[in-house]
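Biologist: I should like to learn how to read helix packing and pockets in a model. Could we take one structure and work through it together?

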Amino acid sequence: MCNLKLATLNVFRGTISDAADFDPTADAETLYNAMKGIGSDKEAILDLVTARSNAQRQEIIGAYKCSFGKDLIEDLKYELTGKFERLIVSLMRTPAYLDAKEIHDAVKGVGTNERCLIEILASRDNKQTQDMVAAYKDAYGRDMEEDIITDTSGHFKKMLVVLIQGTRDESGVVDADLVQQDAQDLYEAGEAQWGTDEAKFIMILGNRSVTHLRMVFDEYEKVAEMSIEDSIKNELSGDFERLMLAVVQCIRSVPMFFAKRLYKAMKGLGTADNTLIRIMISRSEIDMLDIRECFRLRYEKSLYNMIKDDTSGDYKRTLLNLCGGDDDLAGEFFPEAAQIAYKMWELSAMTKVQLRPTIRPASDFDPAADAQALRKAMKGFGTDEDTIIDIVTQRSNAQRQEIRQTFKSLLGRNLMKDLKSELSKNLERLIIGLMMTPAEFDAKMMKKAIEGAGTDEHALIEILVTRSNEEIQAMNSECYIKKVIYTNFSSFFGQGAREEGQADLERADADAQELANACNGESDDMEMKFMSILCTRSFPHLRRVFQEFVRHTNKDIEQIIKKEMSGDVKHAFYAIVRSVKNQPSYFADRLYKAIKGLGTDDRALIRIMVSRSEIDLFNIRKEFKEAHDVSLHEFIQVETMIVSPSPCLLTLFCAYVLFSREMKGKTPI
């Protein structure tokens, strides 16, 4: 047995700290004057409250009562309104009592706010949890554990109860043998068997130390050849899945967990103000600087600017004071964020992602019967579109090619021409796209991207970046498409000649140094240097290059591309980096942009759904759900119906069939 004592750094990186020359009596008087008479001086209130630590605010509350015989919190509630009142009043509560109130609000009344329970209980350390439980008892005269047990159920309830105890190992001692045993136990509790031993996941993830679990997760990837997150997504479901993923995310990086929560609270229509208020207050004296950097790392936008764009008035000014600064003006990462960026690339390099399609070869396949059924569906007056959709989306591409050949030999007709004459608009485009070979489809998409006025550079980049050498060479067999590539993107991409194979660690370090030197002005043509590496090295090799780039520069490659480059070059390099990091996530982002807002980019939607349906569409769906908190199925339904309730219905139905094969009996993701 090998026991390792690992040091833990308790470096607090908040944006709010004790004010110098603090005088609670003077502050109490300032607040009293700000609320005296008609109206209130909201700016004076927010400036003072956000310039004092929580401990100092508690002293101000005491001084206010001593000086004026009044309850400061009650006065603030009376004078202020709406979100601004909630924010200021919450700032005046101690962290334990604020958490207790949030938990109480989450379980009281009809319905439960499970996401609030998950966020708080997954992210607090032992002392924070124990203080919160005591504050709950003091404030409400009730036992928090009993209230949560009453309001939740199943394995979700059991894990919450474990977390409420606040007894996670915090010794810092790691048993190397136990690390291996826990990794093996988690594998055998999930991926290695039919069904899942949830109790084993609860016991290990709910009790082992943070340092120990980080090592377990690394070991697990070696055993299972997938990340612990992917296993949880495969084995668990619902609120229990979300809770366990939150625990894992907090074990890996609490700042990154909160960066994701903040982004989801503000993106899209409307703002989840309770979540925004809770996180901005609870982390302002702990790790807000690191959350800001993680936010910039992941979303390429500063937290400061997202708050600025998403909120207004005194509420906005208070939140911006808590945020503390605009990181879009900064260059390098803070140390914590640089370490996270480095680790993210390391995880990307280590993790073997199991790509999962949604279309598989049909069993008991009979091309003659399918050909006859398709002919019958198109004969006579009207077209049986449901039958066409059902057959085409339940056959693999290879089987569809057999149907095409059989249709010709058996019936003497061209199936593609018949389909074009019977179908129309997006349904025709989708069905015809499915009936083409992948090379034919890609070639057609390339041609469509340059036809007419203007060129769809994003489509060209998407296709050329994400296709393998073999796929590009097959596409290049069309001389017209070869000309397109030479004319538009020969300076970005080779002709299907990217290196293949695993990373060369020594060469990866040298490549990273070359990129770093180019960024520092040591190369006459920065774009050419980036091109020579990003467009020729294998994806596994580039993962290591980008990881070492963080070590050499204290910056992430995505930030450099965004800031230092422009136009199609920027878009092409950015697509390469995103694909290298996580290609299903890249496609999920492309789908989101194609569907959201006014008007749907049907060509992009069809292109991605068709081309990825037999490769990784299931993975893309999962990435979409994780990024946007809504299933791809639901998002397409809502967005296409809002924009065009009639023409998109058949496309929508066909798209649903495309990505629902693995989800029969389950909630679509």
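Modeller: Let us begin with a definition: helices here are DSSP runs of at least four residues, numbered from the N terminus. The model before us is predicted.

Biologist: How is a pair of packed helices described?

Modeller: Two packed helices are characterised by the angle between their axes and by the distance separating those axes. Take helix H1 (residues 24-35) and H2: their axes lie 8 Å apart, at an angle of about 155°. Angles over 145 degrees count as roughly antiparallel, and H1 is therefore roughly antiparallel to H2.

Biologist: Is the crossing of H1 and H2 left-handed or right-handed, and which residues of H1 and H2 meet?

Modeller: H1 and H2 cross in the left-handed sense. From H1, Asp 27, Thr 30, Leu 31, Ala 34 and Met 35 meet Ala 44, Ile 45 and Leu 48 of H2. By class, this contact of H1 with H2 holds six nonpolar residues, one polar and one charged.

Biologist: At what angle do helix H2 and helix H20 pack?

Modeller: Helix H2 (residues 42-49) and helix H20 (residues 313-323) pack at about 15°, and their axes are 10 Å apart. Since angles under 35 degrees count as roughly parallel, H2 is therefore roughly parallel to H20. The crossing of H2 with H20 is right-handed. Lys 42, Leu 46 and Asp 47 make the contact from H2, and Asp 314, Arg 317, Thr 318 and Asn 321 make it from H20. The classes in the contact of H2 with H20 are one nonpolar, two polar and four charged residues.

Biologist: How do the axes of H22 and H25 cross?

Modeller: The axes of helix H22 (residues 367-378) and helix H25 (residues 415-422) come within 11 Å and cross at roughly 30°. H22 and H25 are therefore roughly parallel to each other, and their crossing is left-handed. H22 contributes Leu 374, Arg 375 and Met 378 to the contact, while H25 contributes Leu 415, Asp 418, Leu 419 and Glu 422. Four residues of the contact of H22 with H25 are nonpolar, none is polar and three are charged.

Biologist: Let us turn to pockets. How much space lies in the second largest pocket, and which residues are closest to its centre?

Modeller: A lining residue is one with an atom within 4 Å of a point of the pocket. The second largest pocket holds about 450 Å³ of space. It is lined by 18 residues, of which Pro 95, Ala 96, Gln 128, Ser 282 and Ile 286 are the closest to its centre.

Biologist: Which helices supply at least two residues of that lining?

Modeller: Helix H3 (54-68), helix H6 (95-107), helix H8 (126-140) and helix H17 (273-282) each do so. H6 gives the largest share of the lining, four residues. The lining comprises six nonpolar, four polar and eight charged residues.

Note on methods:
Residues are numbered from 1 along each chain as its sequence is written. This is a predicted model: local features need pLDDT of at least 70, side-chain atom pairs count only at pLDDT 80 or more; totals for chains, interfaces and linings use all residues. Side-chain values use heavy atoms; hydrogens and water are left out. On a 1 Å grid over the protein atoms alone, a cavity is a set of points where a 1.4 Å probe fits but cannot get out, and a pocket is an open set with protein on both sides within 12 Å along at least five of seven lines; lining residues have an atom within 4 Å of a point. Grid points are joined across faces, edges and corners, and a volume is the space filled by probe spheres set on the points. Ala, Val, Leu, Ile, Met, Phe, Trp, Tyr, Cys and Pro count as nonpolar, Asp, Glu, Lys and Arg as charged, and the others, Gly among them, as polar. Axes are lines fitted to C-alpha atoms, for helices over the stretch in contact, and angles run from 0 to 180 degrees between N-to-C directions. Angles under 35 degrees count as roughly parallel, over 145 as roughly antiparallel, 65 to 115 as roughly perpendicular and the rest as oblique. A crossing is left-handed if the near helix is turned anticlockwise from the far one by less than a right angle, and right-handed if clockwise. Contact means heavy atoms within 4.5 Å.
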